[in-house]
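User: Please take a close look at a single part of this model and explain it step by step for a first-year student. After that, go on to the surroundings in one connected answer.

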Amino acid sequence: MDNKIRVFATCDIGEAIDLLRKRGYEVEVYPRPEAPPKSLIIDKVGSGIDGLITTLRDPIDAEVFEAGKGTLKVVAQIAVGFDNINRADANRYKIPFTHTADVLTEATAEFAFFMMGALARKMWTAEHLTRDNQWGYWHPYLPFLGDEVTGKTLAVIGTGRIGLAMIKKSVGFDMNVLCYDPAYENQAFVRTIQEVNELRHSRGLSKEKVSIRYVPFEEALDGADFVSVHVPLLRAEDSATPTYHLFNEKTLRLMRPTAYLINTSRGPVVDEKALARALRENWIAGAALDVYEKEPLPSDSPLRDPAIADRCRLFPHFASAARITRLSTDPDKGMAGRCAQGLIDVLEGNYGGDVAQMPYVVNKEAFK
Ligand code: GLV
């Protein structure tokens, strides 16, 4: 009887698959780029695999865990977010699931920062002008101007890993920062940034004194030139501080008409119909989105309205899509490496087999 460790991956994660094979694992990879049907995942799990590698697009719930009863030992997700995995179901079936936090923090934050710059400086519109041969003159303000990022006020909504990385990047741009987080205020981090700001000012690196502080949500929206969203998706049934449609008609109206919204967190945090209206009716100056209520973005999305195309930048859930971040086999550098290591930790009983000690396991509470 062959007792090789068997793994099914719903997508290719590059050389990290070879790394598992070199350890003697039998790994089957779903060969197509799009998500496999859920029925196929259930069939594979039901066939007795030990480990399942998943992405954000795979719904993992009681049906999947039931199919793997007695055989499935771990679900290893290649993403930091895990809203596709039903945590309560995983806990009920006592299946640990892992994620790839940390290694995509800087890549995601830098992309959010670049989105902010591209939006405010109208890079897309300006490039189209050039490509479409509409660049007929140099003029002080025609055909349009953008807005500077340097020296402006950035509201960071959600100060977890990625929110803090966004703040770090804002330091070099002399930005004032308004922080909001419903769950935890990292005052030590804020003090450190303030010290850096003061040093930069006292040594002549920044002209104006800038500040950073935690404020209530409404104050953050009201006071910001840029609002960057970095919260997890939490629904009302799962959390006392839900983030579903945190940005809606009411809250979008709290932003300044000159302000920009950047979302690299989760699509459903923003009510897209309300946002499209806010852009059409100029409640805000623009938005740049990397995530959507439904992905890929449907062809009839109100965000595709040509009337708002000049102020609505749309990206394909791309913030962590950088070579090393996605594919390095080093668990300290790449999502693929971290995903493989999370799987290995559980399947090979690292940390003395104590799942609650394994760094990449999310649902430790089920094993304490
Ligand atoms: C991407 O959105 C992720 O959660 O890794």
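Analyst: Two residues are said to be in contact when heavy atoms of theirs lie within 4.5 Å of each other. With that in hand, and keeping in mind that the model is predicted, we can begin with Thr10, which sits in the loop between β1 and α1 (15-22). Thr10 has a relative accessibility of 0%, and because the cut-off for a buried residue is under 20%, Thr10 counts as buried. If its neighbours within four places in sequence are set aside, Thr10 is in contact with Tyr30, Pro36, Ile41, Leu52, Ile53, Thr54, Thr55, Arg57 and Asp58.

A second threonine can be read in the same manner. Thr98 belongs to strand β5 (residues 97-98), and it is buried because its relative accessible area is 0%. Once the neighbours within four places in sequence are left out, the contacts of Thr98 are with Val74, Val75, Ala76 and Gln77, and also with Gly342, Tyr360, Val361 and Val362.

From single residues we can move to a whole helix. In α7, eight of the 11 residues are buried, so that the helix is mostly covered. Those buried residues are Ile162, Gly163, Leu164, Ala165, Met166, Ile167, Ser170 and Val171. The elements that they pack against are α5 (105-120), β6 (153-157), β7, α8, β8 (212-214) and β9 (226-229).

The loop that follows α7 takes part in a salt bridge. Arg200 is paired there with Asp174, and their closest N and O atoms are 2.6 Å apart. This pair joins distant parts of the chain, since Arg200 is in helix α8 (residues 187-202) while Asp174 is in the loop between α7 (161-171) and β7 (176-180), 26 residues apart. Arg200 counts as buried because its relative accessibility is 17%, and Asp174 is buried too, with a relative accessible area of 17%.

The structure holds 23 salt bridges, and two further examples show other settings. Glu26 and Arg6 meet through their side chains, with 3.8 Å from N to O; Glu26 is in strand β2 (residues 26-29) and Arg6 in strand β1 (residues 6-9), so this pair links parts of the chain that are 20 residues apart. To see why these two residues are called partly exposed, recall that the term covers values between the limits of 20% and 50%: Glu26 has a relative accessibility of 33%, and Arg6 has 26%.

The salt bridge of Glu127 and Arg131, at 2.7 Å from N to O, is formed within helix α6 (residues 123-131), where the two residues are four apart and therefore separated by about one helical turn. Here Glu127 is partly exposed, with a relative accessible area of 41%, whereas Arg131 counts as exposed because its relative accessibility is 64%.

Finally, we can step back to the domains. According to the domain assignment, domain 1 consists of 6-103 + 323-367 and domain 2 of 106-314, and their C-alpha centres lie 32 Å apart. Where they meet, seven residues of domain 1 are in contact with four residues of domain 2. The area buried between domain 1 and domain 2 is about 480 Å², with 48% of it on carbon and sulfur atoms. On the side of domain 1, the residues that lose the most area to domain 2 are Asp83, Asp102 and Thr325, which together make up 59% of what that side buries.

Two salt bridges are counted between domain 1 and domain 2. Asp83 appears again in a salt bridge with Arg266, where the closest N and O atoms are 3.0 Å apart. Two residue pairs are in polar contact across the interface, and the side of domain 1 that touches domain 2 is made up, by class, of three nonpolar, two polar and two charged residues. Asp102 returns as well, in a network of salt bridges that links it with Arg161, Asp332 and Arg338.

Key
Residues numbered from 1 in each chain as written. Predicted model: local features only at pLDDT ≥ 70, side-chain atom pairs only at ≥ 80, totals over all residues. Heavy atoms only, no water. Domains from an automatic or database assignment. Buried area = accessible area lost by both parts, 1.4 Å probe. Salt bridge = Lys/Arg side-chain N within 4 Å of Asp/Glu carboxyl O. Polar contact = N/O pair within 3.5 Å; in protein donor to acceptor, adjacent residues only side chain to side chain. Nonpolar A, V, L, I, M, F, W, Y, C, P; charged D, E, K, R; others polar. Buried < 20%, exposed > 50% of the residue type's maximum accessible area, 1.4 Å probe, protein only.
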